[in-house]
Amino acid sequence: MSSSQLIRVAVAGASGYAGGEALRLLAAHPFVEIGTLTAHSSAGSSLGEVQPHLRGLAHRILEPTTPDTLAGHDVVLLGLPHGASGKIAAELPDDVLVIDLGADHRLESASDWEQFYGSAHAGTWPYGMPELIHAVAPGADVATAARQRDKLAGARRIAVPGCNVTAVTLGLQPGVAAGVVEPTDIVAVLANGYSGAGKALKPHLLASEALGSAQPYAVGGTHRHIPEIQQNLRAAGAPEVTISFTPTLVPMARGILATATAPLAKGVDPEQVRAAWEAAYADEPFVHLLPEGQWPSTAMTLGANTACVQVAVDAAARRVVTITAIDNLVKGTAGAAIQSMNLALGLRETAGLITEGVAP
């Protein structure tokens, strides 16, 4: 598709956090015309009632989410609850680019899906993490290893990664691909903003429960993003991946700060570790390895399609420590969708996306 043509994009689930963030980014995209907006319980309302910050689209009326209302578009973004995308997507034409911001099509293993989501697997789509490294085996030349973006060109179905998955994968994959860490004893602890839990009203998400408090969730190997992280690190060259993964809700609206550690491989020195991360991300427009001694913060990435990464070696513990910050709604969801859309349609990968955050 030529970048001189306007691409007509529909957004299903426009009343939610992911759908609203997609609209914010699409409104500034130079090659996009925003088409139909749909919702479920908010259908019939104006967008301004549920997304008052989107002033330029406030007058638009939300339609019901059906294949008919989504017809006639070049691209359909599905910002729907997990388990809801598969049926809708199956009824959309094959030549339409459908991008699922939910989990339905991320996993390659049907048994993993059934174990962690408890329903029938809807099938696997090309994975929307352009920076994902594909290495034949640990110790590969990270700088020249294939990336997932090569598999997105011309795709007509794309599955956007989970936000936690993006943070942990980007933090650890250079070390896995270069063979400088042992991926069988990974520990990841994440601080997560509340928007990652969605807009549904739940008692533990009330302000009286959240403000001034931090609370873990999905503890003890139960989080649904675990098999997806394992899938990605296997792609990066790990024959086996074992991870202890603990997310924690902290009182901020958006953002993820992921601390992930893994044992240092035998015979590897700190200079080799730093070199692996430098080689992996030297040419990536949205992944920034910070200067030594500077540490990521969620504030660095607020509103931007940016991942800020740092790596260090804990010599006493013989572990590699990575810290990654992203905005869960941008690089973690909607920004990744648009970045993948650009690649699928032959547009500039960075079109409509920014790397500058909002501060303070």
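Reader: How many Å apart are the closest N and O atoms in the salt bridge of Glu-21 with Arg-254?

Author: Keep in mind that this is a predicted model. Glu-21 sits in helix H1, while Arg-254 lies in the loop between strand E11 and strand E12, so the pair ties together parts of the chain 233 residues apart. Within their salt bridge, the closest N and O atoms are separated by 3.0 Å.

Reader: Is Glu-21 buried or exposed?

Author: Buried means under 20% relative accessible area. Glu-21 has just 2% relative accessibility, so Glu-21 counts as buried.

Reader: And which residues are in the network with Glu-21?

Author: Side chains of opposite charge can pair when their charged atoms come close. Glu-21 also meets Arg-24 in a salt bridge, at 2.6 Å from N to O. Those two are three residues apart in helix H1, which means about one helical turn lies between them. Salt bridges with shared partners make one network of Glu-21, Arg-24, Arg-254 and Asp-327.

Reader: What about Lys-331, which residue does it form a salt bridge with?

Author: Look for a partner 200 residues away, in the loop between helix H4 and strand E6. Both side chains of this pair belong to buried residues. Lys-331, in helix H9, has its closest N and O atoms 2.8 Å apart in a salt bridge with Glu-131.

Reader: Okay, helices now: are H5 and H7 roughly parallel or roughly antiparallel?

Author: Their axes come within 9 Å and cross at roughly 30°. Angles under 35 degrees count as roughly parallel. Therefore H5 and H7 are roughly parallel.

Terms used:
Residues are numbered from 1 along each chain as its sequence is written. This is a predicted model: local features need pLDDT of at least 70, side-chain atom pairs count only at pLDDT 80 or more; totals for chains, interfaces and linings use all residues. Side-chain values use heavy atoms; hydrogens and water are left out. Axes are lines fitted to C-alpha atoms, for helices over the stretch in contact, and angles run from 0 to 180 degrees between N-to-C directions. Helices (H or I, at least four residues) and strands (E, at least two) are DSSP runs, numbered from the N terminus. Angles under 35 degrees count as roughly parallel, over 145 as roughly antiparallel, 65 to 115 as roughly perpendicular and the rest as oblique. A salt bridge is a side-chain nitrogen of Lys or Arg within 4 Å of a carboxyl oxygen of Asp or Glu. Buried means under 20% relative accessible area, exposed over 50%, partly exposed in between (1.4 Å probe, protein chains only).
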